[in-house]
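Open your viewer, switch on side chains, and keep the selection tool at hand. Here is the structure for our walk.

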Amino acid sequence: MNIVLGITGGIAAYKAPDIVRRLRERGAEVQIVMTASAEEFVTGTALQAVSGKPIRSNLWDKEAEAAMSHIELARWADVVLIAPATAEVMARIVSGGAPDLLTTICLATEAPIALAPAMNHVMWNNPATQANREVLEERGIHIIGPGIGSQACGEEGAGRMLEPDLIAITVFNLTGGKGEGLLEGRKVVVTAGPTREAIDPVRYITNRSSGKMGYAVATAAAAQGADVVLISGPVSLAEPPGLEVIKVESAMDMHAATHEAIDAAHIFIAAAAVADYRPVAIVEQKIKKKSESMSLELTRCPDILASVADLDAAPFTVGFAAETENLIKHARGKLEKKKLDMIVANRVGRDCGFDRDDNAVTVLWSDGEKSFPTSSKVELAHDVIELVAEHFFAKRGSETQSRLTVISNND
Ligand code: C5P
């Protein structure tokens, strides 16, 4: 895949070499086009070294234009990705102006365009930027992110550029991702995030799950060509483009949404941290504090994963086991008790597991296991999906096994 990577002038430009690396790891040719302000944040020398191609930045560079004109570059691209994309470049693309090489390419290309915005949260939430985002999306330009979290300016909010790996995977999902993936034509249903169990109109019971692992797994499955339905509890993550996202709140909602989506699914991956118990009844009015203590009667929530594994035509089922102790023993117990095909065991505690960007997991199946050391949840999700695909096809028998051989021969 040929990718024009536009880099504009935001602090997140320091992550651009990593984006180049992630795209090239997946086999893409990357031609970098920098704006003048991007050069204030990251050097062309570093980017030339990682991309293996001379950097383009000046529309009026006669030598570079003679080698490959801006129109040829616009035609060469299978996708134009701008990361980081500033509020300014979004506004320029909306206006249709072409004062520099990057925006000229955006006007002249017929390839899909994707932007990974990165800016201060007030700038992102500014009505002008939001109006521009809407126009860009209406025109079919893909907006990847931004993420929510701490910002370079020291504030918190929406505006962080998504992680390079996630940007690279999303770009492949949008364009060349389909067609060669291990899970092409397969339907994969993924649950992710926590659930919220209402106590009264203002209070609820929940847990510390951020949804990051489930979202990464869903994105990795889509990158392997699967049609993915992601059933998500309340999280503050951007919806990954290219997959169907169903938002739910409670365990009961997630149970209903899963059983609605599971029809014709080949693989079900339960990464959600579903509440085990919910209040017996939701009190209609806000509970007033009266006595010194109060008790709350809870009842068991349905086990979504076990209920799917129990279906007559159950898909290939994969569970997650988050444990604070005896990780492997408990995970293997769950694999057997819930009649799963595979289980992904991860340790959770103060300094691992929930609400982090990295993780370490062991995947278990009836007669084997494989451990993956600590790495980003995005990378782990890829490893897990490859392993799941391998075991899914092994279970489905020789027809699909030969397909895998064809795919690995093509690699
Ligand atoms: O038994 P435990 O809750 O530890 O099992 C974890 C696995 O079961 C996870 O894959 C989780 O998504 C799934 N689960 C579920 N419904 C529940 C509880 C857990 O799908 N009510």
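This tour visits the ligand, some aromatic rings, some salt bridges and a loop.

**Before you start**

This is a predicted model, in which local features need pLDDT of at least 70 and side-chain atom pairs count only at pLDDT 80 or more, while totals for chains, interfaces and linings use all residues. Residues are numbered from 1 along each chain as its sequence is written, and side-chain values use heavy atoms, with hydrogens and water left out.

**Stop 1: the ligand**

Select the ligand and show what lies near it, that is, residues with a heavy atom within 4 Å. You should find 13 residues around the ligand, and the closest are Ala-270, Ala-272, Pro-302, Phe-320 and Lys-334. Colour this shell by class and you get eight nonpolar, one polar and four charged residues. In this scheme Ala, Val, Leu, Ile, Met, Phe, Trp, Tyr, Cys and Pro count as nonpolar, Asp, Glu, Lys and Arg as charged, and the others, Gly among them, as polar.

Next, look for polar contacts, which are pairs of N or O atoms within 3.5 Å; within protein, one atom must be able to donate a hydrogen and the other to accept it, and residues adjacent in sequence count only if both atoms are side-chain atoms. Start at Ala-272, where a polar backbone atom is 2.6 Å from an oxygen atom of the ligand. Move to Phe-320: a polar backbone atom there is 2.8 Å from a ligand oxygen atom. Then pick Ile-304, with a polar backbone atom 3.0 Å from a nitrogen atom of the ligand.

How much of the ligand's accessible area does the protein cover? On its own the ligand has 450 Å² of accessible area, and the protein covers 86% of that. Such areas come from the Shrake-Rupley method with a 1.4 Å probe; for residues, only the protein chains shown count as cover. To see which elements give two or more residues to the shell, highlight α12 (304-309) and β16. Helices (H or I, at least four residues) and strands (E, at least two) are DSSP runs, numbered from the N terminus.

**Stop 2: the aromatic rings**

Now select Phe-316, Phe-392 and Phe-393, which ring pairs link into a cluster. The structure holds two aromatic pairs. Rings of Phe, Tyr and Trp (its six-membered ring) pair if their centres lie within 6.5 Å; planes under 30 degrees apart count as stacked, over 60 as edge-to-face and the rest as tilted.

Phe-316 and Phe-392 meet edge-to-face, 6.0 Å centre to centre with 85 degrees between the planes. Phe-316 sits in strand β16 (residues 316-323) and Phe-392 in helix α14 (residues 377-396), so their pair ties together parts that are 76 residues apart in sequence. Phe-392 also pairs edge-to-face with Phe-393, at 5.1 Å centre to centre and 65 degrees between the planes.

Are these rings buried or exposed? Buried means under 20% relative accessible area, exposed over 50%, and partly exposed in between (1.4 Å probe, protein chains only). Phe-316 is buried at 2%, Phe-392 is buried at 0%, and Phe-393 is buried at 0%.

**Stop 3: salt bridges**

The structure holds 21 salt bridges, each a side-chain nitrogen of Lys or Arg within 4 Å of a carboxyl oxygen of Asp or Glu. Select Asp-18, which is partly exposed at 25%. Its side chain meets that of Arg-21 in a salt bridge (3.3 Å, N to O). These two are three residues apart in helix α1 (residues 16-25), so about one helical turn separates them.

Asp-18 forms a salt bridge with Arg-22 as well, at 3.4 Å between the closest N and O atoms. Arg-21 is partly exposed at 41%, whereas Arg-22 is buried at 11%. Extend the selection to Glu-25, Arg-26, Asp-165 and Glu-379 to see the network of salt bridges that includes Asp-18, Arg-21 and Arg-22.

For another salt bridge, go to Glu-163 and Arg-160, whose closest N and O atoms are 3.6 Å apart. Glu-163 is partly exposed at 33%, and Arg-160 is partly exposed at 27%.

**Stop 4: a loop**

Finish at Glu-249, in the loop between β12 (244-247) and α11 (251-261). Glu-249 is partly exposed at 43%. Draw a C-alpha to C-alpha distance to Leu-59: Glu-249 and Leu-59 are 50 Å apart in space and 190 residues apart in sequence.
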